[in-house]
Amino acid sequence: MQKKTQDSKEKQFEELVIDVKSVVKVNKGGRQRRYSATVVIGDRKGKVGLGIGKANEVPDAIKKALQDAQKNIITVPLMDGRTVAHEAIGTAGAARVIIKPAAAGTGVIAGGSVRAILDLAGIRDVSSKSLGARTKLNMARAAMNALKSMKTPEQVAALRGKTVEEILG
């Protein structure tokens, strides 16, 4: 995993290369080798994006993955600026990820690509569990799906037609 900082037009995103792998297509004339890169970008303030790129060379694949990640940025609702609002389960392929809020000072309890996504999203106290297949790409997609499904107490209250105090108890 490599860390870099990219200067965008208005926002500053950190980028992290989760995975670079070689993929082969077999043709009549022989094998055609290409590279696939998976990249996560985030501003550590609630915005995070995941991108995948394929090219004949590794640097080109990483560039394409960065462009894809910029297109797929989501905003994660943070509670008190440090943890997620509620428990969420995300799935992608055979991979499942459970993300739970944690008490202050707990840290990020996650592994692999899930940890990279949670770190770049700016979540400081969270617990996660990986179930099913453990491929880096599907784990990252499952974590992103779990974060997409997060709602703030204000959003839940608006959907139910109640006040925030009634929701939180």
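Helix 2 and helix 3 are oblique to each other, because an angle of roughly 40° falls outside the range under 35 degrees that counts as roughly parallel and the range of 65 to 115 that counts as roughly perpendicular. That is the first view of this tour, and the model on screen is a predicted one.

**Stop 1: the helix pair**

Select helix 2, residues 112-121. Add helix 3, residues 136-148. Their axes come within 8 Å of each other. The crossing of helix 2 and helix 3 is right-handed.

Now keep helix 2 alone. How many of its residues are buried? Seven of the 10 are, and helix 2 is mostly covered. Show the side chains of S113, V114, A116, I117, L118, L120 and A121 to see the buried residues of helix 2. Then step past the end of the helix. G122 follows helix 2, and its phi is positive, near 95°.

**Stop 2: helix 1**

Move to helix 1, residues 58-71. Put a distance between the C-alpha atoms at its two ends. The two atoms are 20 Å apart. Does that value agree or disagree with the expected span? It agrees, because 14 residues at 1.5 Å a residue should span 20 Å.

Next, colour the buried residues of helix 1: A61, I62, A65, L66 and A69. They cover an arc of only 140° around the axis, so they sit on the same side of helix 1. Rotate the helix. On the other side, K63, Q67 and K71 are exposed.

**Stop 3: the four-stranded sheet**

Select strands 8, 9, 10 and 11. They make an open sheet of four strands. In which order do the strands lie? The order is 8-9-11-10, and the pairing is mixed. The edge strands are strand 8 (88-92) and strand 10 (108-109). Each edge strand pairs on one side only.

Start at strand 8 and walk inward. Strand 8 and strand 9 run antiparallel, and five bridges join them. Find G90: its bridge partner in strand 9 is V97. Strand 8 and strand 9 form a hairpin, with two residues between them. Click on G93 in the turn, which has a positive phi of about 65°.

Go on to strand 9, residues 95-101, and strand 11, residues 126-132. Strand 9 and strand 11 pair in the antiparallel sense over seven bridges. Two residue pairs show how they line up. I99 stands opposite S128 in strand 11. P101 has V126 in strand 11 as its bridge partner.

**Stop 4: one residue of strand 9**

Stay with strand 9 and pick A95, which is found there. Is A95 buried or exposed? A95 is buried, because its relative accessible area is 0% and the cut-off for buried is under 20%. Now add T135 to the selection. A95 and T135 are 40 residues apart in sequence. In space, the distance between them is 7.6 Å, C-alpha to C-alpha.

**Stop 5: another hairpin**

For the final stop, select strand 2, residues 12-27, and strand 3, residues 30-42. These two strands run antiparallel, and 13 bridges join them. They form a hairpin with two residues between them. Look for K25, which stands opposite Q32 in strand 3.

Notes. Residues numbered from 1 in each chain as written. Predicted model: local features only at pLDDT ≥ 70, side-chain atom pairs only at ≥ 80, totals over all residues. Heavy atoms only, no water. Pairing = 2+ DSSP bridges. Expected span 1.5 Å × (residues − 1). Buried < 20%, exposed > 50% of the residue type's maximum accessible area, 1.4 Å probe, protein only. Arc of directions from axis to C-beta. Axes fitted to C-alpha atoms, helices over the stretch in contact; angles between N-to-C directions. Parallel < 35°, antiparallel > 145°, perpendicular 65-115°, else oblique. Left-handed = near helix turned anticlockwise from the far one by under 90°.
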